[in-house]
Amino acid sequence: MFKKGYIRVLVLVFIFIGIVSFLWWFTYDPVSDFTTSVPGLDNRPAKNPESDEIVNIGERFDEYLSLTSSLTGKWTRFRGADFDNISKQDISLIDNWGDGPKIQWTVNLGEGHAAPVIYNGKVYFLDYNEAKKRDALRCFSLETGEELWRRSYNVHIKRNHGMSRTVPAINDNYLVTIGPRCHVMCTDPNTGEFLWGIDLVKEYNTEVPFWYTGQCPMIDGDLAIIAPGGSSLIIAVDLATGKVVWETPNPDKWNMSHSSIMPMTLKGKKMYVYAAVGGICGISAEGNDKGKILWKTIEFSPTVIAPSPLILDNGKIFMTAGYGAGAILFEVKENNEIYSVEVMQKYKPIDGMASEQQTPIYYNGFMFSVLPKDAGGMRNQFVCCNPNDCQNILWTSGKEDRFGLGPYAIADGKFFILNDDGTMTIAKASTEKFIFLDKAKILDGMDAWGPLAFADGYLIMRDSKTMVCLNIKKN
Amino acid sequence: MAKKEKKKKHNRRHFIDRSLRISIGLGLAGLGSFLIKKSISKEYVWQLDPEKCIQCGRCATSCVLTPSAVKCFHVYDMCGYCDLCGGYFRPETKKLTTAAENQLCPTSAIVRKFVEEPFFEYDIVEELCNGCGKCVKGCGAFGNGSLQLQVNHRLCVNCNECAIARDCPADAYQRVPMDDPYTFSGYRNKENKS
């Protein structure tokens, strides 16, 4: 009797334990302490309060000196007149630094990477005045470094890996700039008179790129060609009136990149090539279809694009970007006015020619670039390849001669390669091998990334805070 | 005879007394020399050199501890506080949000906090970090290199032969003095070391 009762109690206890265990198992959540990573955890506000700032483009003018110069040299825009970063002026330049660089003049700048244009003895660049918080278009004498005038406007820019970072575009009568927060300004380069301005953020809903605007404006005939990347992908503005002549719609909602518009002619058809954040496109630049998208591709669409498209021969285009994006080589084909894109090569930076910030140079049938930091063993080396096979590096500058994110250009058959720390290297512009000539530390250097400008035997370069003009004429 | 006994008695007491004194003296001298030796001699611990580190990922898997004693440290002095952080976001991320699919860290060990437009602060959650070094690689390749791997000496058991050092392909592990156990690269101030 006692034994039966004992067993019954034992069974009931087991049943009770089983039910409790089941309920615990059923209700237990093993991931209850997990948190879900969803958008918005960083508490970023929906709207940037700075976007409400009222900016009166070109509101201030200060004149200091007048100048008449006999110089006729020109460096009219980003990468020079032919968009190739090659100086064509027939002036013999130095092969070595001799007793040291001949510094013609020096000027202190707001932190950034903006670079100048040079036109008939005058130097123009868009600086940022950190003390007064103004974008300032400054005009200097090429020979003396004296400031002639400045046209400025108040705009609040925070330090963010530099502030200014664009190169103006200039012709006889007009000078166009784009400021860090997408303010386009057109002035008379002879007098500094303000002609017109466009706030791309307000008028085109442009999203200001990371680290501010890097796009350099283009002047093509009577038009300024700008890529807002907001409600319109590209606009053409009449230089005389500031009126928008045509605009390209932006159906894919591509955004403005740091890349600049490059011209290209394919089978007699002139077009503008632009690498936006979202994709690369070709826009008709002439005829009845001006502003029409002729072709586009989303094969290469990194989040950040600093280099500009490198236009090669026969419709081939090389495009590269940093942050692990690598590069793409593609060909634009035309058949009965129908355009198509064929990808020839697409690879990561460790597998071929690439660049993080500067646009490679196409010279004598070969391409030249400084490889990015994520290019493996050849990182930061100056390299050469045949544009038919960008994954086959023909030669490099070697382990001893590495460079950074600084600019490089060709003048008088020589490469001028600027390192981040302000060291300028001269090398023979050979397609056979890297022929080092000389190097000199010119700037104190930090982030010496601004593009170079050449004219009349002078070279203008900068680091993040200082610009210098060097006399590089060969005696 | 009596004189001899007196001398013997005295000697025994004297012997015990002297023995005790000598023992205490030797003990104190030994303790003193041990303490002096400890204070002047350096003990060494394992640490990795960020300049040599190639972020191969073996720190996460070779350590005798699970998760590894190697953690990511943030050298705030070097950080650019970027919106697009190469250490936080996967390459080619389209929208810079805290969504899981955008994050490079496999364990969500980096917390992104808005400071003011366009700056963000990035903090490491030590408990979640497994020392894989993916963020360190991203930060070094595209940023200032402010994220750095280090052996966390609050966790490290200081094995005689460090298992990670044995596996490290870059020979980045070295013995460093215990009183200065961190070897950050760049310009992190000593007082900021954690």
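In the hairpin formed by E18(A) and E19(A), where 2 residues lie between the strands, A:Gly278 adopts a positive phi near 140°. The model in which this turn appears is a predicted one. The two strands that flank the turn, E18(A) and strand E19 (residues 279–284) of chain A, are paired in the antiparallel sense over 6 bridges, and within this pairing A:Met271 has A:Ser284 of E19(A) as its bridge partner.

E18(A) also pairs with strand E17 (residues 262–266) of chain A, again in the antiparallel sense, over 5 bridges, with A:Lys270 in E18(A) serving as the bridge partner of A:Thr265. The hairpin of E17(A) and E18(A) likewise has 2 residues between its strands, and here A:Lys267 takes a positive phi near 50°. Of the 8 residues of strand E18 (residues 269–276) of chain A, 6 are buried, so this strand is largely enclosed by the rest of the structure.

The largest nonpolar core comprises 136 residues, and those with the most contacts inside it are A:Tyr124, A:Tyr272, A:Tyr274, A:Ile283, A:Phe416, A:Ala453 and A:Leu459. E18(A) supplies the largest share of this core, namely 6 residues. Apart from this core lies another, of 36 residues, which includes B:Leu48, B:Cys63, B:Ala69 and B:Tyr122. In soluble globular proteins, nonpolar side chains tend to be buried together. When neighbours within four places in sequence are left aside, the residues in contact with A:Tyr124 include A:Pro116, A:Tyr119, A:Leu137, A:Cys139, A:Ile170 and A:Pro189.

Elsewhere in chain A, 4 strands form an open sheet in the order E21-E22-E23-E24, with antiparallel pairing. Strand E21 (310–311) and strand E24 (338–347) of chain A stand at the edges of this sheet, and because each has a single partner strand, one side of each is left without a neighbour in the sheet. Strand E22 (residues 316–321) of chain A is joined to strand E23 (residues 326–335) of chain A by 6 bridges, the two running antiparallel, and the bridge partner of A:Ile317 in E23(A) is A:Phe330.

With regard to chain B, a division into domain 1 (1–41) and domain 2 (44–192) is assigned, and the centres of domain 1 of chain B and domain 2 of chain B, taken over C-alpha atoms, are separated by 57 Å. The contact between the chains draws 22 residues from chain A and 22 residues from chain B. On the side of chain A that touches chain B, the residues divide by class into 8 nonpolar, 9 polar and 5 charged.

Technical notes: Residues are numbered from 1 along each chain as its sequence is written. Chains are lettered from A and ligands numbered from 1 in the order in which they are written. This is a predicted model: local features need pLDDT of at least 70, side-chain atom pairs count only at pLDDT 80 or more; totals for chains, interfaces and linings use all residues. Domain bounds come from an automatic or database domain assignment. Two residues are in contact if their C-beta atoms, placed from the backbone, lie within 7 Å. Ala, Val, Leu, Ile, Met, Phe, Trp, Tyr, Cys and Pro count as nonpolar, Asp, Glu, Lys and Arg as charged, and the others, Gly among them, as polar. Two strands pair if DSSP finds at least two bridges between them. A residue is buried if 20 or more other C-beta atoms lie within 10 Å of its own, exposed if 12 or fewer, and partly exposed in between; C-beta atoms are placed from the backbone. A nonpolar core is a set of buried Ala, Val, Leu, Ile, Met, Phe, Trp, Tyr and Cys residues joined through C-beta atoms within 7 Å.
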